Amino acid sequence: MTRRSATLDEIRRQLRCPSCDYALCGLTGDQITCPECGVVCDVARMATRRWTRPWFDAPGFQTILMPVTWGVIGLPFWAVSLGVTIGQGLWIWMAVFTALYIGGWAMLLHNVQRRFHEGGGVTLAFLAHALLAGYCAGTAGVITVIIWVIANPPIIVVAIPLALVPVVVLIFCRRGERAIAERCIRRYLAGIDNPDTIRS
């Protein structure tokens, strides 16, 4: 059992019904009906609220990030290979390198879909791609505004509203990261009573 799974299991054992405070320990699934008062408890959402580790530490989140990681790490190698082969007129090798790059990314996407076999895995992976772009753009925007203000102190009145745009982007990215983590937590908790579910 990984540390992130152990953390989630500990949170799960401590959950209580929000209506009657009945201990939900021992009841499996991501949504359960409280045997004491009959209230439907969204256990996954309750566990997400108590999750204190980084969102990317949720069980299964790393699987969703693999296509993004391949895209980022493989891109410079693909670009260099492409530049060399085009410079020498080796068009066949250019096609080979491109196929390897896209093929590796597609295989990782397929792995995400296989692990999240209930559907939505590829959507989550594409959301992770968008979040990476958003984090990069938002961070670059904040740094640009700061440098702009340092270089031209009188324009701080104009810079403050402009700084809000990248900050809002970063906030939305953080919410997207939480949404992926909640989906991973829900999948993990649903798999507790389904041994066929792949858990990572």
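**Exercise 1. Which residues does Thr98 touch, not counting residues up to four places away in sequence?**

Solution. The model is predicted: local features need pLDDT of at least 70, side-chain atom pairs count only at pLDDT 80 or more, and totals for chains, interfaces and linings use all residues. Residues are numbered from 1 along each chain as its sequence is written, and side-chain values use heavy atoms, with hydrogens and water left out.

Step 1. Place the residue: Thr98 belongs to helix α4. Helices (H or I, at least four residues) and strands (E, at least two) are DSSP runs, numbered from the N terminus.

Step 2. Apply the contact rule, which asks for heavy atoms within 4.5 Å. Thr98 then touches Trp78 and Leu82.

Step 3. Examine one of these partners. Thr98 and Leu82 are 16 residues apart along the chain, and 7.8 Å separates their C-alpha atoms.

Step 4. Classify the residue. Buried means under 20% relative accessible area, exposed over 50%, and partly exposed in between (1.4 Å probe, protein chains only). Thr98 counts as partly exposed because its relative accessibility is 21%.

**Exercise 2. Describe the overall composition of the protein.**

Solution. Step 1. List the elements: the protein has six helices and two strands. Read from the N terminus, their order is α-β-β-α-α-α-α-α.

Step 2. Consider burial and surface. Of the 200 residues, 34% count as buried. About 11600 Å² is exposed, and carbon and sulfur atoms supply 69% of this area. Accessible areas come from the Shrake-Rupley method with a 1.4 Å probe, and for residues only the protein chains shown count as cover.

Step 3. Consider contacts with a separation of 6 or more: 61% of them are between residues 24 or more positions apart.

**Exercise 3. Compare the expected and actual spans of helices α4 and α5.**

Solution. Step 1. State the rule: the expected span of a helix is 1.5 Å times one less than its number of residues.

Step 2. Apply the rule to α4 (residues 91-115). With 25 residues, this helix should span 36 Å, and its end C-alpha atoms are 36 Å apart, which agrees.

Step 3. Apply the rule to α5 (residues 121-151). This helix has 31 residues and reaches 45 Å from its first C-alpha to its last, close to the expected 45 Å.

Step 4. Add the buried residues. In α4 they are Tyr101, Gly104, Leu109, Val112 and Arg115. In α5 they include Gly121, Gly134, Gly138 and Gly141.

**Exercise 4. Which residues does Leu108 contact, leaving aside its neighbours within four places in sequence?**

Solution. Step 1. Leu108 lies in helix α4.

Step 2. Its contacts are Met66, Pro67 and Trp70.

Step 3. Pro67 is 41 residues from Leu108 along the chain, yet their C-alpha atoms are separated by 5.3 Å.

**Exercise 5. Analyse the salt bridges.**

Solution. Step 1. State the rule: a salt bridge is a side-chain nitrogen of Lys or Arg within 4 Å of a carboxyl oxygen of Asp or Glu. This gives a count of seven salt bridges.

Step 2. Take the pair Arg13 and Glu10, whose closest N and O atoms are 2.7 Å apart. Because they are three residues apart in helix α1, about one helical turn separates them. An α-helix has 3.6 residues a turn, so residues three or four places apart point the same way.

Step 3. Take Arg174 and Glu177, with closest N and O atoms 3.8 Å apart. These residues are three apart in helix α6 (residues 156-190), again about one helical turn. Arg174 is partly exposed at 45% relative accessible area, whereas Glu177 is buried at 11%.

Step 4. Take Arg53 and Asp57, which meet at 2.5 Å, N to O. Both of these residues are buried.

Step 5. Note the network of salt bridges that links Asp42, Arg45, Glu182 and Arg186.

**Exercise 6. How many disulfides are there, and why does Cys41 form no bond with Cys17?**

Solution. Step 1. State the rule: a disulfide is a pair of cysteine sulfur atoms within 2.5 Å. The count is zero disulfides.

Step 2. Test Cys41. Its closest cysteine sulfur is that of Cys17, at 4.1 Å, which is too far for a bond.

Step 3. Add the exposure: Cys41 is buried, with a relative accessible area of 1%, and Cys25 is partly exposed at 46% relative accessibility.
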